[in-house]
Amino acid sequence: GVDICGTGRGSPISAARAGVVVKATYNSSLGYYVTIKHDNGYYTQYAHMISTTGSDKAGGLGSHTKYVKVGQRVEAKQQIGEMGNSGNSFGVHLHFEIWNGVPYQATCFNPLQFY
């Protein structure tokens with residue numbers, strides 16, 4: 001994956017490509033994060049977001065964020081969250097990953113190779 005800075009806490013995070021949200025939850029390492037499955041078999045993952053309540057601290061561990069919920073179809077460039085500092089993070093940023101299949105069961109690519 002790659003770390004991307006924005007214009008500060010709350011910077012919008014958008015889907016890289018159309019797909020279906022398969023995860024929108026909290027993990028102690030990734031913090032609040034969203035995983036999207038795309039029609040081409042790839043998955044993108046967006047980590048260290050602000051929670052649904054606008055907090056960077058662990059709280060509601062539901063299957064949705066302020067912007068998306070599991071099972072929802074999203075379009076490319078649709079806002080799916082906001083940059084934060086949740087999980088194992090040392091500053092506001094987006095940790096962005098691209099996987100050729102299910103994350104942690106497939107190959108992870110350097111996102112900069114795609115753009």
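Here is a short dialogue about salt bridges and the nonpolar core in this predicted model.

Residues are numbered from 1 along each chain as its sequence is written. Local features need pLDDT of at least 70 and side-chain atom pairs count only at pLDDT 80 or more, while totals for chains, interfaces and linings use all residues; side-chain values use heavy atoms, with hydrogens and water left out.

Student: How many salt bridges does a search of the whole structure find?

Tutor: Good place to start! A salt bridge here is a side-chain nitrogen of Lys or Arg within 4 Å of a carboxyl oxygen of Asp or Glu. With that cut-off, searching the whole structure gives a count of three.

Student: Which residue forms a salt bridge with D39?

Tutor: D39 sits in the loop between β4 (31-38) and β5 (43-49), and its partner is in strand β6 (residues 73-74), 34 residues apart. Strands are DSSP runs of E with at least two residues, and helices are runs of H or I with at least four, numbered from the N terminus. The closest N and O atoms are 3.2 Å apart, and the partner is R73.

Student: Which residues are linked with D39 in a network of salt bridges?

Tutor: Happily, we already have one pair, D39 with R73. The side chain of R73 also meets that of E75, at 4.0 Å from N to O. The residues linked with D39 in the network are therefore R73 and E75.

Student: Is E82, the salt-bridge partner of K66, buried or exposed?

Tutor: The closest N and O atoms of K66 and E82 are 3.4 Å apart. K66 lies in the loop between β5 and β6 and E82 in strand β7 (residues 79-82), so the bridge ties together parts 16 residues apart in sequence. We call a residue buried under 20% relative accessible area, exposed over 50% and partly exposed in between (1.4 Å probe, protein chains only). K66 is exposed at 56%, whereas E82, at 15%, is buried.

Student: Which residues touch the most other members of the largest nonpolar core?

Tutor: A nonpolar core is a set of buried Ala, Val, Leu, Ile, Met, Phe, Trp, Tyr and Cys residues joined through side-chain atoms within 4.5 Å. The largest one has 17 residues, and those touching the most other members are V34, I36, Y46 and I80.
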